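Let's take a walk through the empty and filled spaces of a protein. Have the viewer open and follow along.

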Amino acid sequence: MKRIFGILCLFVQFAFAQEKATIVISDSGHTVIGRYIYGQFAEHLGRGIYDGFYRNGKIRMDVVQALKEIKVPDLRWPGGCFADQYHWRDGIGPVSARPKTVNTTWGMVIENNSFGTDEFMQLCKLIGCEPYIAGNVGTGSPQEMKDWVEYLNFNGTSSFSALRKVNGHPEPYRVGLWGVGNESWGCGGNMTPEYYANLYNHFAAFLPEYPGTQLKKVISGPNGDDYHWTEVMMKDIGPDNAWGLSLHYYTFPTGKWNPRGSATHFTEQEYAHTLVEAEKIDTIIAHHERIMDKYDPQKKMALLVDEWGVWSDVEPGTPGYAMYQQNSLRDALVAATTLNIFNNRADRVRGANLAQCVNVIQSLILTKGDQMLLTPTYWVFNLYKVHQDAWLLPLKVQSPLFVSGKDTVRAVNASASVDSTGIIHISLVNFDAHKSISVKANLPKPGPSVAGQILTAEKFNDINTFQQPTKIKPAAFTGCAIDHRDLIVQLPPLSIVLLTIK
Ligand code: AHR
């Protein structure tokens, strides 16, 4: 009898056991979460530019409006791999006179160059973001990149500034962010790090800083865990000759390139595996940071993860080179977690660009003809925009685990910041597919009120479609309360929560 009673007690305890997480938030904010962490990326690839941003010779104002809303800080263009075959002079002047070139990187499609430099500048102006240009090292020359800077930034009288005026833009655009090549270890020219470092120094020496525009030159950085590349960049270029070093890391749901896994049809085990793959970025950044710290202990040089995202198989019926994929709640959970990682590492990570903004890889926006939908990932950027330029509040999370098959991740992750008006924002993620988790966090300063928003869905592979475009979108969240100096949150399964404490 006693034994049966004991088993019953255990069962009751188990059935009602509440999963718990604890967050300790420190109030010593010395690091600003740079807004560039929330940057985007647009390449001449598939329906990214044509159809996505630019349709029937016009910039899509529906897309512009949506991007304005999330305060996009910068937009990287024209690639990606395309950048190292792009010659900027093909894309200026009267559209009818622009050459037709072949996009040999992406599908051999004909590039009519109707969207070029001035159209890109107009797009950035409308969005209210900074342009981030990836210059051509692979098939370009220092002279060509230098001329591009002059066309965009020179305020005096020269042939290139005159050309800009003829093209309707007397005022300089003052473009500060310049990538010197892209993936130079791969599609950008299959270079060794030593060879590229020499080329970087050569190109950078001729990039002029015209009065009124400070250039932020970015080194084409490592692929994922290629630490040797970083070592050579830091040694041969160094922190005084570049503003930043880029890093590219993609999450392949299966952990491999082929097959990468469906964007919409995947099991719980595959879901968990994607999370494990996504979280590797934290360790990878930590390793690169250690190398950078060795050469640059004052952290002068920024690390920019200027390509990241979940890269799955294309949607059935779409061409492989176009990389059109759907976007599920899983991808939003990955985006929210990755942004938490970037926020928490903001002392070195000062920029990042999700790949890619519209219709390509992990998109914010999908379009079909004149229709547009906002993906779950878009809503993450909308929730998290409050962290831009706010002070980081470092935190430590103690979380239960989410286990599926061979894969284990911490169920809860978070980041926190305080803005210039003293408002605290905490972003929380619960990966667990079944369990709600009770989170207790200390408040660094007393706050009389807490309000929240939640992004969630029933299933991790739920998506927004053109038939049901708002199935997944943020809603008011009421599962939070303040108890003296403690914040208590009931995080539902598969959820992203943004709390505002005033
Ligand atoms: O984002 C798609 C491609 O991925 C980019 O063109 C390239 O830089 C990377 O390999």
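How do the residues of the shell around the ligand divide into nonpolar, polar and charged? Six are nonpolar, three are polar and three are charged. Keep in mind as you look around that this is a predicted model.

Now put names to that shell. Around the ligand you'll find Phe41, Glu43, Gly80, Cys81, Trp106, Asn182, Glu183, Tyr250, Glu307, Trp311, Gln356 and Ile361. Zoom in on the ligand's oxygen atoms and you can pick out some polar contacts. Tyrosine 250 puts a polar side-chain atom 2.8 Å from a ligand oxygen. For glutamine 356, a polar side-chain atom is 3.0 Å from an oxygen atom of the ligand, and for asparagine 182 the corresponding distance to a ligand oxygen is 3.1 Å. As for how well covered the ligand is, it exposes 280 Å² when taken alone, and the protein buries 93% of that.

Next, the space itself. The ligand takes up the largest pocket, whose volume is about 400 Å³. That pocket is lined by 25 residues, and those closest to its centre are Glu183, Asn223, Tyr250, Phe252 and Trp311. Three of these names should ring a bell: Glu183, Tyr250 and Trp311 are also among the residues around the ligand. In terms of secondary structure, strand 11 (244-251) and helix 8 (268-295) each bring at least two residues to the lining. Sort the lining by class and you get 13 nonpolar, six polar and six charged residues.

Follow helix 8 to the next stop, since helix 8 also supplies at least two residues to the lining of the second largest pocket. This one has a volume of about 280 Å³. Its lining counts 13 residues, with Asp282, Ile341, Asn344, Arg410 and Ala414 nearest the centre. Besides helix 8, at least two residues each come from helix 9 (329-344), strand 17 (395-398) and strand 20 (412-418). Helix 9 gives the largest share, at four residues. By class, this lining is made up of four nonpolar, four polar and five charged residues.

So much for the pockets; on to the closed spaces. Rolling a probe the size of a water molecule over the atoms shows where empty space is left. Across the whole structure, a search turns up three cavities of 30 Å³ or more. The largest of these cavities has a volume of about 50 Å³, and some familiar elements frame it. Strand 11, helix 8, helix 9 and strand 12 (302-310) each contribute at least two residues to its lining, and strand 12 has the largest share with three. The residues to select are Tyr249, Thr251, Ala278, Ile281, Trp308, Gly309, Val310, Val334 and Thr338. Which classes do they fall into, nonpolar, polar or charged? Six are nonpolar and three are polar, with no charged residues in the lining.

The last stop is the second largest cavity, with about 40 Å³ of space. Its lining consists of Tyr86, Trp88, Asn136, Ser141, Glu144, Met145 and Trp148. Here the split is four nonpolar, two polar and one charged.

How values were computed: Residues numbered from 1 in each chain as written. Predicted model: local features only at pLDDT ≥ 70, side-chain atom pairs only at ≥ 80, totals over all residues. Heavy atoms only, no water. 1 Å grid on protein atoms, 1.4 Å probe; cavity = no way out; pocket = protein on both sides within 12 Å on 5 of 7 lines; lining within 4 Å. Points joined across faces, edges and corners; volume = space filled by probe spheres on them. Nonpolar A, V, L, I, M, F, W, Y, C, P; charged D, E, K, R; others polar. Near = heavy atom within 4 Å. Polar contact = N/O pair within 3.5 Å; in protein donor to acceptor, adjacent residues only side chain to side chain. Areas by Shrake-Rupley, 256 points an atom, 1.4 Å probe, with all protein chains shown as cover. Sits in = over half its atoms within 2 Å of the grid points.
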